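Biologist: I would like a close look at one part of this molecule, taken slowly and in plain words. Please start with the vocabulary I need, and then stay with that part for a while.

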Amino acid sequence: MAAVALRSCRRGLSQIINHGGTSTFSPNGLAGVRHKTTVQFASRPDLPKLAYRRLKGKSPGVVFLPGYASTMNGQKAEALEEFCKSLGHSYLRFDYTGHGASEGVLAEGTVGTWKKDVLFVLDELTEGPQIMVGSSLGGWLMLLAGIARPEKTAALVGISTAADHFVNSFNSLPLETRKEFEEKGEWSVPTKHSEEGAYKFSMDFIREAENHCVLQSPIPIMCPIRLIHGLKDEDVPWHISMQVAERVLSQDVDVILRRHGQHRMADKDDIKLMVYTIDDLIDKLTTLV
């Protein structure tokens, strides 16, 4: 599968990336997407409104699921919109409850809350099967959505997939440390991705997340799955992607490890690999039809 990143795809993407083609796609995904889609808001009875950007086009569509505390305006999300526009495929990116432009409070969200968000956008804002591209937490949520909505799941692409990560990270702490956090009622996790220098999770958040763990048993997903992970990821260990690959029931699973890749996987070559991987899946899926 790693060869996907090296070969010339059927749509001439290698020429596009090298600025020799006629398409406007650029793997940088920076500041960048010309004629960007406008932000819209989806209303839900008794639930916060969700902000989203949608590009209409061919099937299969692509849906981007961002990471924890990230938004639909990240480099990967914007690069994917430019890519889908260049091919004429539909694309959807959105902010979870409590994230970005969506309503709600981040600290009050749970894995279950964000799973409901994903299922809502799949059910109400997309048509036909989708290729879900999940980054970090989004990789966990794409698995949950793939289990709950197999008919809407054409393929999955995980980037630094964080399946069960909150729960396993907390449970791996020394017993005394866990007791201290439990007595305090809050778990503080140092991170360079927050202005405060740490993410804070309540014990209720951890307990709720336990209800959505997927790695203890076979994962009933049968579609093609691609898992991209950096060996230098300091936030989510790359072996989680290996665990996902071992547990899914699909026979079409590839793990791509980036020797110098870090957690966000937002460098030009990382984005190029992501795009090539999705292009290859589109080619595969449309050939099967």
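Modeller: Helices and strands here are DSSP runs, H or I over at least four residues for a helix and E over at least two for a strand, numbered from the N terminus. The model is predicted, so local features need pLDDT of at least 70 and side-chain atom pairs count only at pLDDT 80 or more, while totals for chains, interfaces and linings use all residues. Residues are numbered from 1 along each chain as its sequence is written, and side-chain values use heavy atoms, with hydrogens and water left out.

Let's set the scene. The protein chain has nine helices and ten strands. Of its 289 residues, 53% are buried (under 20% relative accessible area; exposed is over 50% and partly exposed in between, with a 1.4 Å probe and protein chains only). Take the contacts (heavy atoms within 4.5 Å) with a separation of 6 or more: 72% of them link residues 24 or more positions apart.

Now for the part I would like to show you, helix α3 and its surroundings. The largest nonpolar core (buried Ala, Val, Leu, Ile, Met, Phe, Trp, Tyr and Cys residues joined through side-chain atoms within 4.5 Å) has 51 residues. Leu65, Val118, Met132, Leu141 and Phe166 have the most contacts inside this core. Helix α3, residues 111-125, gives the most to the core, with eight residues. Apart from this core lies another one, of 27 residues, including Phe64, Ala79, Met274 and Leu285.

Phe166 makes a good landmark. Not counting neighbours within four places in sequence, Phe166 is in contact with Tyr68, Val111, Leu137, Trp140, Trp187, Phe201, Phe205 and Ile206. Keep Val111, Leu137, Trp140 and Phe205 in mind, because they are among these contacts of Phe166 and will come back below.

How do we describe helices that pack together? Two packed helices are described by the angle between their axes and the distance between the axes. The axes are lines fitted to C-alpha atoms, for helices over the stretch in contact, and the angles run from 0 to 180 degrees between N-to-C directions.

One partner of α3 is helix α4, residues 137-148; the two axes come within 9 Å and cross at roughly 60°. The two helices are therefore oblique to each other (under 35 degrees is roughly parallel, over 145 roughly antiparallel, 65 to 115 roughly perpendicular, and the rest oblique). The crossing of α3 and α4 is right-handed (the near helix is turned clockwise from the far one by less than a right angle; anticlockwise would be left-handed). On the α3 side, the residues that meet α4 are Val111, Trp114, Lys115, Val118, Leu119 and Leu122, and on the α4 side they are Leu137, Trp140, Leu141, Leu144, Ala145 and Ala148. This contact is made of eleven nonpolar residues, no polar and one charged (Ala, Val, Leu, Ile, Met, Phe, Trp, Tyr, Cys and Pro are nonpolar, Asp, Glu, Lys and Arg charged, the others, Gly among them, polar).

Another partner of α3 is helix α7, residues 203-210. The axes of α3 and α7 come within 8 Å and cross at roughly 55°. That makes this pair oblique. Val111, Gly112 and Trp114 of α3 meet Phe205, Glu208 and Ala209 of α7. Four nonpolar residues, one polar and one charged make up this contact.

Finally, step out to strand β6, where Ala154 is found. Ala154 is buried, with a relative accessible area of 12%. Leaving out neighbours within four places in sequence, Ala154 is in contact with Pro60, Pro129, Gln130, Ile131, Cys223, Pro224 and Leu285. Its C-alpha atom is 9.3 Å from that of Ile282, although the two residues are 128 apart along the chain.

Two features along here are worth a look against the usual pattern. Most residues other than glycine have a negative phi, and most peptide bonds are trans. Pro60, in strand β3 (residues 58-65), is joined to Ser59 by a cis peptide bond with omega about 0°. Ser160, in the loop between β6 and α5, has a positive phi near 55°. With 0% relative accessibility, Ser160 counts as buried.
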